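Q: Please take a close look at one part of this structure, a place where two helices pack together. Describe that contact in detail, and then say how it compares with the rest of the chain's layout.

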Amino acid sequence: SWTTGNVIEEQVAAIREQVGDRRAICGLSGGVDSAVAAALVQRAIGDQLTCVYVDHGLMRKGETEQVEKDFVAATGVQLKVVDAQERFLNALAGVSDPEEKRKIIGREFIRVFEQAQAEIIAEASGDQPVEFLVQGTLYPDVVESGGGTGTANIKSHHNVGGLPEDLEFKLIEPLRKLFKDEVRMVGQELGLPEEIVQRQPFPGPGLGIRIVGEVTRERLDLLREADAIAREELTAAGLDREIWQCPVVLLADVRSVGVQGDGRTYGHPIVLRPVSSEDAMTADWTRMPYDVLARISTRITNEVKDVNRVVLDVTSKPPGTIEWE
Ligand code: XMP
C-alpha cells in the first residue's frame, strides 16, 4: 500500500543504485518540488549531491534565507548559493514589457546556473564525475510532456578549461510518479520546513513580473514589504488553504494623490489579487473577509513607503490571468 515511508525507501534505494559512487547536481528554486527532490536525493547519496541556488533578487521576503538556512539545516545538503542580484537588475534595467522580462530572467538564470555547474564539475575533477541532474518533475508534468525521460543536453556558454562544449547529464526524477499533495507529504516526512512544504505557487520570474513597469531595487524592496504584510495577515486569518495564491502587485508606473498626516502624498497603488483555483487554468477572485482586507490595507499604507492606496482585483480568470504580467 502507498505510504510516504514506502515511497521514500523505494526512491532512496533506486537513487543509490542509479548513482553509485558518482555525483549529482540539483537546482533549488525555493519551490516545493525541487526542495523535496533534493531532500530525497540527499537522503540517498549525501554529499555526492551538490545543490545550486541562484539568488536573482526577485524572491519574496525571507525566501532565500529559508533555502540557505532552514532547508540546509533540515537536510544537511551541500549548497552553493550564487548571489546574482546585481546581474539580474542590470539585465532588467529599462525593461517594462512582461514577455521581455521573462525572457531576460530565464536567460540569465540558465547562464548563472551553468556557470555554477561548471565550477562544481571543475572542483570535483579528479574526484568522481558529476553525471546526474536532479529534477522535480511531477506526474502531471510527465503526462503533459508525453512521458519522455533520460538525459538532458546542456549547452555550455562558460569558459572553464577541460569541459566539453556540450554537457550531457542523466536525469534523476524521484517525483515522477507523484502528485503535488503526495510530494508535500513526502517533504513533510523528510522533515522539511512547513514554509517550504506548504508554499503556494510562485512564478519562476518572481517579483520581476509583479512590478508593472521597470524593475528596480527600490521597487523590489517596496513590493517585498507589501507582499510580506499581505502574506502575514492571510496566514494569521487562516486563509492559506482557501486562497490558491495571492499575487501582490506594484503599479510602479501609476501614481495617485493621497493624504497622510497633514501632507499630500503622490504615491503608487498596490493591488491584491487573491484567487481561488484548482489548477490555475481557471480561477475566481476570493471573497475574503472585509476585516482582513482592512488590516492588510491599513498596514501596507502605514508601513510601506511611497504606497498610499491598496486596491482589490475582482476579476475571474478568464478573462484576467492570475498574474498581472
Ligand atoms: P496566469 O497569470 O497565467 O498564471 O494565470 C497561472 C499560474 O502560473 C504562474 N505563472 C508562472 N509560473 N513562470 C512560472 O513559473 C512564469 O512565467 C509564470 N507566469 C505565471 C502563476 O503564478 C499562476 O500560478
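A: In this predicted model, five residues of helix 2, namely V32, D33, A35, V36 and A39, meet V183, R184, V186 and G187 of helix 7. Sorted by class, this contact of helix 2 with helix 7 holds six nonpolar residues, one polar residue and two charged residues. The charged ones are D33 on helix 2 and R184 on helix 7, and the polar one is G187, since Gly is counted as polar.

Helix 2 covers residues 32-45 and helix 7 covers residues 180-189. Their axes lie 10 Å apart and form an angle of about 45°. Because of that angle, helix 2 counts as oblique to helix 7. The crossing of helix 2 over helix 7 is left-handed.

A second pair of helices can be set beside this one. Helix 9 (residues 217-236) and helix 10 (residues 290-303) pack with their axes 9 Å apart, at an angle of about 155°. Angles over 145 degrees count as roughly antiparallel, and helix 9 and helix 10 are therefore roughly antiparallel to each other. Helix 9 passes helix 10 in a right-handed crossing. On the helix 9 side, the residues in this contact are E225, A226, I229, A230 and E233. On the helix 10 side they are V292, R295, I296, R299, I300 and E303. By class, the contact of helix 9 with helix 10 has six nonpolar and five charged residues, with no polar ones.

Next comes the chain that holds these helices. The protein chain has 10 helices and 13 strands. Its radius of gyration is 21 Å, close to the 20 Å that the globule rule gives for 325 residues, so the chain is as compact as a globular protein of that length. Along the principal axes, its C-alpha atoms fill a box of roughly 70 × 50 × 35 Å.

The chain is divided into two parts: domain 1 spans residues 4-197 and domain 2 spans residues 210-312. The centres of the two domains, taken over C-alpha atoms, are 30 Å apart. Where the domains touch, domain 1 supplies 10 residues and domain 2 supplies eight. The side of domain 1 that touches domain 2 consists of four nonpolar, three polar and three charged residues.

Conventions: Residues are numbered from 1 along each chain as its sequence is written. This is a predicted model: local features need pLDDT of at least 70, side-chain atom pairs count only at pLDDT 80 or more; totals for chains, interfaces and linings use all residues. Domain bounds come from an automatic or database domain assignment. Two residues are in contact if their C-beta atoms, placed from the backbone, lie within 7 Å. Axes are lines fitted to C-alpha atoms, for helices over the stretch in contact, and angles run from 0 to 180 degrees between N-to-C directions. Helices (H or I, at least four residues) and strands (E, at least two) are DSSP runs, numbered from the N terminus. Angles under 35 degrees count as roughly parallel, over 145 as roughly antiparallel, 65 to 115 as roughly perpendicular and the rest as oblique. A crossing is left-handed if the near helix is turned anticlockwise from the far one by less than a right angle, and right-handed if clockwise. The radius of gyration is taken over C-alpha atoms; the globule rule is 2.2 Å times the number of residues to the power 0.38.
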